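Colleague: I am new to this structure and would love a close look at a single part. Could you walk me through the sheets of chain A?

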Amino acid sequence: MLSLAAVSAGYGSFQALFDVSLEVAQGEAVGIIGPNGAGKTTLMRVISGLIPMREGAMTLEGRSVGGLPAHRMVEAGIAHVPENRRLFPRLSVEENLRIGAFIPQARAHFAERLDWVFSLFPRLEERRGQLAGTLSGGEQQMCAIARALMSKPKVLLMDEPSAGLAPLVVQQVFDLVHKIRAEGLTVLIVEQNVQQVLEVVDRAYLLEVGAIKLAGSSAELKDNSFIRQSYMGL
Amino acid sequence: MSTTRLAWAAGLAILIVLPFITPTYFLHLLIQILIWAFIYTAWSLMGRFGFVSFGHGAFMGIGAYVPALLWSYWNVTPWLGIPLGVVLSGLLAIIIGYPCFRRRVIGHYFALVTLALSQVVLLSLIAAREITGGSLGFTQRAVGYSWYALQFPEKSYFYAIAVLLWLFGLAVWRRIDRGIGREALEAISEDEEAAASVGIDVLREKMRVTVISAALTALGGAVYGQYVMYLNPETVSGIAVSLQIVFAAIAGGVYSLFGPSVGALLTLSLTEGLRVWFGANFVGAANTIYGILLVLCIIFMPQGIVGTLQRPKGSSARRDIAWNWRKG
């Protein structure tokens, strides 16, 4: 579905990613784990076109999408739930969702998309008129995911969905991920919360200092002594 | 709905009757108010989305000087000169806007860039003394009544032009307000990256509204220049003019259709009233009072006058939150 080959990227003279290659198959959920500053968010931003990649190739369903600007990536079928949610705080929940369906092919089906998203997240329907900035942390995350889903993506990128949330709410957010997977979406998820994320993904990559250090199925990684020691504190 | 229609009809009727019953002096004032209202409305197209430009004096100056110089030196009719000035302003907006938006120069930094633009155009006009007359100003070659030269000694002609211009400005404002472009721009003004991540072409949307705003401002400058016939760099371009535009538009209210127009009506009548009242006594008093009133206005009515008056109508309550959010 989504494939990256030897992708490099950075900011100015600083290189943040070195030869990153990864694959996400149709319907699969893949995690990217790693410490702070490893380049996880940069990787997400490269995939969604928010920053250009310097070298390498990227394909979506076999079509090359490397180097497309962000708005074209959304049209190609990649939706990004950014780190820290980045809702439009002064707009209502419904307006946020409407803007989520900004691209023409989504706008044409706005009503059905909205129904679908509300059926996934009934809570948002109750809050549809409320300003997004006044939602609780968990609801904001829900709204951010819903906003991304409005564009009818093929691949959903989630950047640290559990960041800054209370432990109980973190659990709810991972339940949402389960729900989305059940809908057949392909998901690529970045997390620092290694233990939790390995419960919802099929496979994961370990990113350290801008390069992939390790890859494997969730079960393998959960048993990997290095991961257990460094990232789970076991 | 029908009450809105009625209000529009009544307003238009008043505008049509006014030139027949007002003395020339008030007609002159009214023409100025309408032209400035158009320019303030043009500024608010950007301003309401938080793209604060202190560079609109530059666009106005180009719009005013290009047709005036072409006519006076080379006999080129303003019918060609005005579109040329408008296009040049649009180009300048692209030259300034593109790198800014591309490099994510936003907020205060964007304001500073445009502030510099104002001053560059002002100084260029002053420096090109041989052609523009420098700070002494420039008087257009007058030929009396002429459609070809767009010169009319009778004020009523310009009154009609100013009314049409103003209505055109309102129509553009409304069109943008009702289009999907508004949603995109609102999203951009809240969070550019998030807007890009949902599929909005941030660069294109910003360029579009900037070019429209600059071009309309130039058009306003051109009509102003045709009307007063005498151009001075200080009165049609530069920071002073840019600030006048920003203050009046914000005081009137940039979130409502009539906000900038009310801003023009109040600020220009106030300046004029104070000037007449004080006359030659207490030099500076008029400006001081004007400044104090403006500051009070902006502090106590951050939504602008029209925005504050409309407050009970649901949708603007959230704009209060909007302001608190922006301040916090």
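Modeller: Gladly; here is a walk through the strands of chain A, with a short look at chain B at the end.

This is a predicted model, in which local features need pLDDT of at least 70 and side-chain atom pairs count only at pLDDT 80 or more, while totals for chains, interfaces and linings use all residues. Residues are numbered from 1 along each chain as its sequence is written, and chains are lettered from A and ligands numbered from 1 in the order in which they are written.

Let us start with the open sheet. Four strands of chain A make it up, in the order β2-β1-β4-β5, with antiparallel pairing. Strands here are DSSP runs of E with at least two residues, helices are runs of H or I with at least four, and both are numbered from the N terminus. Two strands pair if DSSP finds at least two bridges between them. At the edges stand β2 and β5 (63-64) of chain A, each with a single partner strand, so one side of each has no neighbour in the sheet. Seven bridges join β1(A), residues 2-11, to β2(A) in the antiparallel sense. One of the residues involved is Leu4(A), whose bridge partner in β2(A) is Leu22(A). Helix α1(A), residues 40-47, packs on this sheet and touches β1, β2 and β4 (55-60) of chain A. The direction of α1(A) makes about 65° with that of β2(A); such angles run from 0 to 180 degrees between N-to-C directions, and axes are lines fitted to C-alpha atoms, for helices over the stretch in contact.

Within β2(A), which covers residues 14-24, you will find Asp19(A). Asp19(A) has 14 C-beta neighbours inside 10 Å and therefore counts as partly exposed. The scale is this: 20 or more other C-beta atoms within 10 Å of a residue's own make it buried, 12 or fewer make it exposed, and anything in between is partly exposed, with C-beta atoms placed from the backbone. Apart from its neighbours within four places in sequence, Asp19(A) is in contact with Ala6(A), Ser8(A) and Ala211(A), where contact means C-beta atoms, placed from the backbone, that lie within 7 Å. Leu4(A) is 15 residues from Asp19(A) in sequence, and their C-alpha atoms are 9.2 Å apart.

Now to β8(A), residues 186-191. Six of its six residues are buried, so the strand is largely enclosed by the rest of the structure. In a regular strand the side chains alternate between the two faces of the sheet. Here Thr186(A), Leu188(A) and Val190(A) point one way, while Val187(A), Ile189(A) and Glu191(A) point the other way, and all are buried. β8(A) pairs in the parallel sense with β3(A), residues 29-33, over five bridges, and Leu188(A) is the bridge partner of Val30(A). β8(A) also pairs in the parallel sense with β7(A), residues 155-159, over five bridges, and there Val187(A) is the bridge partner of Leu156(A).

Finally, chain A meets chain B through 22 residues from chain A and 18 residues from chain B. On the chain A side, α2 (70-76) and α3 (93-100) each supply at least two residues, and α2(A) gives the most, with four.

Chain B has a helix worth finding too: α3(B), residues 56-74, is mostly covered, with 15 of its 19 residues buried. After α3(B) comes Asn75(B), whose phi is positive, near 65°.

Key:
Contact = placed C-beta atoms within 7 Å.
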